[in-house]
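Student: Pick one part of this model and take me through it slowly, then follow the packing from there into the interior. I'd like one connected story rather than a list.

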Amino acid sequence: MLELERLGFGYPGRGWLFRDVSLRVAAGTATAVLGPNGRGKTTLVRCAAGLLAPREGVVRSDGAVGYVPQARGGAFAYRAVDMVVMGRTRLLGVFATPGRADRTAALEAMGRVGIGHLAERRFPTLSGGEQQLVLIARAIAAECPTLVLDEPCAALDLQNQARVLRLLRRLVGEGLAVLLTTHHPDHALALADAVVLMVAPRDVRAGPARDLLTDGALSELYGVEVRTITYREGDAERRAVVTPFAAEPGAVSAGPLRFRTDPGPDVAR
Ligand SMILES: Nc1ncnc2c1ncn2[C@@H]1O[C@H](COP(=O)(O)OP(=O)(O)OP(=O)(O)O)[C@@H](O)[C@H]1O
């Protein structure tokens, strides 16, 4: 569980970046934070993870909070598996060093993320996406009941985005509380029970994903026309977002977009 109560933050010498943000990420649920570049998503989740002190408000959690930053290279040439073993540090005694069980747990976490084959590679030699997956494995190996992830899919190809989203869904199913930032409303639709829309410093909306992720709210949030389509996944009806990037503003006619596929009897309009 992770709880933010009336959180407010501004960098020194600057005004409020956000104010009065309250939300509760319960165990077994995921919350996605969305908003334009520079609106404060990273700052908000860094406050939530205890890495930045808020100017006002309170953060509560009922256990350790694991934080997955965006991969930005690494200064030290650790092997990937050793980076993941470092996630186990919090589980060790003050003078203990990681043992065989920690290495096994690290390799298992890497396996879950699909990067077992990268275990012996040096971290700085990995691609941005590979580094991102190592950082996710490190957080999983730490076995924290709450995970906070800053754009976990930012550097990932479509297959790895799907892999990470499925993995996060499984972790939520196992009872973790997950808070993540994303630039993909689709990812929020696929994963999140709740969303936080950072519209403006004093207009940060938190609530159920199905209520807040409307075409109108997303269009307002990003300042471009955003449409949602529905499709079926097994028995479930799901929604995905389409942004007609190349269309001039107002050129897309009103009404729902049609999701055409060939053949399409099991894919909804
Ligand atoms: N250490 C800092 N000192 C001063 N201003 C900062 C600092 N870090 C970030 N900012 C500013 O705070 C604002 C919010 O930054 P933040 O990284 O939280 O936004 P974001 O929503 O995560 O952006 P993006 O989508 O581009 O990653 C930006 O205007 C940024 O320039």
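Tutor: Glu174 is in the loop that links helix 5 to strand 7 (177–181), and remember that everything here comes from a predicted model. Glu174 counts as exposed, because it has 10 C-beta neighbours inside 10 Å, and the cut-off for exposed is 12 or fewer. Its C-alpha is 33 Å from that of Thr243, a residue 69 places away along the chain.

Now step back from the loop to helix 5 (158–173), which is part of what covers the buried residues of helix 3. Helix 2 (80–86) and helix 4 (128–141) also belong to that cover. The buried residues of helix 3 are Asp102, Ala105, Ala106, Ala109, Met110 and Val113. They sit on the same side of helix 3, because they cover an arc of only 140° around its axis. That fits the usual geometry: an α-helix has 3.6 residues a turn, so residues three or four places apart point the same way. Arg100, Ala101 and Thr104 are exposed, on the face of helix 3 turned away from the buried side. Helix 3 runs over residues 100–113, and its 14 residues reach 20 Å from first C-alpha to last, close to the 20 Å expected. Right after it comes Gly114, with a positive phi near 85°.

Helix 4 is another story. Eleven of its 14 residues are buried, so helix 4 is largely enclosed by the rest of the structure. The buried ones include Gln131, Gln132 and Arg138 alongside Leu133, Val134 and Ile136. Their packing partners are strand 5 (65–68), strand 6 (146–149), helix 2, helix 3 and helix 5, the last being the helix we started from. The length of helix 4 checks out too: its end C-alpha atoms are 20 Å apart, which agrees with 1.5 Å a residue. Just beyond helix 4, Glu143 has a positive phi of about 55°.

All this leads to the core. The largest nonpolar core holds 73 residues, and Val84, Val134, Ala137 and Val195 have the most contacts inside it. Helix 4 gives the most to this core, eight residues. Take Val134 up close: beyond its neighbours within four places in sequence, it touches Ala80, Met83, Val84, Ile115, Leu118, Phe123 and Leu126 in the contact count. As a general matter, nonpolar side chains tend to be buried together in soluble globular proteins.

Note on methods:
Residues numbered from 1 in each chain as written. Predicted model: local features only at pLDDT ≥ 70, side-chain atom pairs only at ≥ 80, totals over all residues. Helix = DSSP H or I, 4+ residues; strand = E, 2+ residues; numbered from the N terminus. Expected span 1.5 Å × (residues − 1). Buried ≥ 20, exposed ≤ 12 C-beta atoms within 10 Å, placed from the backbone. Arc of directions from axis to C-beta. Contact = placed C-beta atoms within 7 Å. Core = buried A, V, L, I, M, F, W, Y, C linked by C-beta atoms within 7 Å.
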